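Reader: Before I set up any calculation on this protein, I would like to go through its geometry with you. Could we take the questions in turn, with the reasoning behind each answer?

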Amino acid sequence: MKKQKELKLNPFQLNVLLNEEEKQDFQFLLENGVYCNNCKAVCPKGVVDYTASLDDLNDIRIEGHCAACGHKVVRIMELGEDRSFFEKVMEFRQSIQN
Ligand SMILES: [Zn+2]
């Protein structure tokens, strides 16, 4: 499969792409699943000022800041292997290509 272009997602687009379960997972990651190199722990207060993008494998890449210390944090939410998500994403990519 050829590599996909990296694509920034606005909150509306993210909302369209994720199903209910995935939205919960996403929220859970923001609160309990992103490691901060500065705190040497999972961000104790979660992640703020984040952006989400689709990476070249159709996973969701979350970039933000640790709410406790402000350090930059990154986390990949692996969804590219999920068939229904993958199909949704390919349709989405097609729809915004022009
Ligand atoms: Zn931190």
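**Strand 4 and its surroundings**

Reader: Where is Val 48 placed, and how far is its C-alpha atom from that of Cys 66?

Author: In this predicted model, Val 48 has its place in strand 4. Its relative accessibility is 36%, and because partly exposed covers the range between the cut-offs of 20% and 50%, Val 48 counts as partly exposed. Although the two positions lie 18 residues apart along the chain, the C-alpha atoms of Val 48 and Cys 66 are separated by 6.3 Å.

Reader: Asp 49 is not a glycine, so what sign does its phi have, and is the residue buried or exposed?

Author: Asp 49 lies in strand 4, and its phi is positive, at about 50 degrees, although the residue is not a glycine. Since the cut-off for exposed is over 50%, a relative accessibility of 63% makes Asp 49 exposed.

Reader: Is Ala 52 buried or exposed, and what separates its C-alpha atom from that of Arg 75?

Author: Ala 52 lies in strand 4, and with a relative accessibility of 3% it counts as buried, because the cut-off for buried is under 20%. Arg 75 is 23 residues away from Ala 52 along the chain, and the separation of their C-alpha atoms is 9.7 Å.

Reader: What is the C-alpha separation between Thr 51 and Arg 83?

Author: Thr 51 is found in strand 4, which spans residues 47-54, and it is partly exposed, with a relative accessible area of 34%. Arg 83 is 32 residues from Thr 51 along the chain, and their C-alpha atoms are separated by 24 Å.

Reader: Where is Asn 58 found, and what is its relative accessible area?

Author: Asn 58 is found in the loop between strand 4 and strand 5, and it has a positive phi of about 65 degrees although it is not a glycine. Asn 58 is buried, and its relative accessible area is 0%.

Reader: Ile 60 is found in strand 5; what is the separation between its C-alpha atom and that of Glu 6?

Author: Ile 60, found in strand 5, is buried, with a relative accessible area of 0%. Glu 6 is 54 residues from Ile 60 along the chain, and the C-alpha atoms of the two are separated by 9.8 Å.

**The zinc site**

Reader: Which residues coordinate the zinc ion, and what is the geometry of the site?

Author: The zinc ion is coordinated through the SG atoms of Cys 36, Cys 39, Cys 66 and Cys 69, at 2.2 to 2.3 Å. Ideal angles for four tetrahedral donors are 109.5 degrees. The angles among the 4 donor atoms run from 102 to 113 degrees, and because four donors count as tetrahedral when all angles lie between 85 and 135 degrees, the site of the zinc ion is tetrahedral.

Reader: How are the donor residues spaced in sequence, and which parts of the chain does the pair Cys 39 and Cys 69 link?

Author: The spacing of the zinc donors in sequence is C-x2-C-x26-C-x2-C. Cys 39 and Cys 69 are 30 residues apart and link distant parts of the chain, namely the loop between strand 2 (35-36) and strand 3 (41-42) and the loop between strand 5 (60-66) and strand 6 (72-77).

Reader: What relative accessible areas do Cys 39 and Cys 69 have?

Author: Cys 39 is partly exposed, at 28%. Cys 69 is likewise partly exposed, and its value is 33%.

**Pocket and overall fold**

Reader: What volume does the largest pocket have, and which residues are closest to its centre?

Author: The volume of the largest pocket is about 210 Å³. It is lined by 10 residues, and the closest to its centre are Gln 4, Lys 5, Arg 93, Gln 94 and Gln 97.

Reader: Which element gives the most to the lining of the largest pocket?

Author: By class, this lining has 3 nonpolar, 3 polar and 4 charged residues. The element that gives the most, with 3 residues, is helix 3 (residues 83-95).

Reader: What is the radius of gyration of the protein?

Author: The protein has 3 helices and 6 strands, which follow the pattern β-α-α-β-β-β-β-β-α along the sequence. The globule rule gives 13 Å for 98 residues, and the protein is close to this value, so it is as compact as a globular protein of that length, with a radius of gyration of 14 Å.

Key. Residues are numbered from 1 along each chain as its sequence is written. This is a predicted model: local features need pLDDT of at least 70, side-chain atom pairs count only at pLDDT 80 or more; totals for chains, interfaces and linings use all residues. Side-chain values use heavy atoms; hydrogens and water are left out. On a 1 Å grid over the protein atoms alone, a cavity is a set of points where a 1.4 Å probe fits but cannot get out, and a pocket is an open set with protein on both sides within 12 Å along at least five of seven lines; lining residues have an atom within 4 Å of a point. Grid points are joined across faces, edges and corners, and a volume is the space filled by probe spheres set on the points. Helices (H or I, at least four residues) and strands (E, at least two) are DSSP runs, numbered from the N terminus. Ala, Val, Leu, Ile, Met, Phe, Trp, Tyr, Cys and Pro count as nonpolar, Asp, Glu, Lys and Arg as charged, and the others, Gly among them, as polar. Donors are N, O and S atoms within 2.8 Å of the metal (3.2 Å for Na, K and Ca); water is not among the atoms, so sites may look incomplete. Four donors count as tetrahedral if all angles lie between 85 and 135 degrees; four count as square planar and six as octahedral if opposite donors are over 155 degrees apart and all others between 65 and 115; anything else is irregular. Buried means under 20% relative accessible area, exposed over 50%, partly exposed in between (1.4 Å probe, protein chains only). The radius of gyration is taken over C-alpha atoms; the globule rule is 2.2 Å times the number of residues to the power 0.38.
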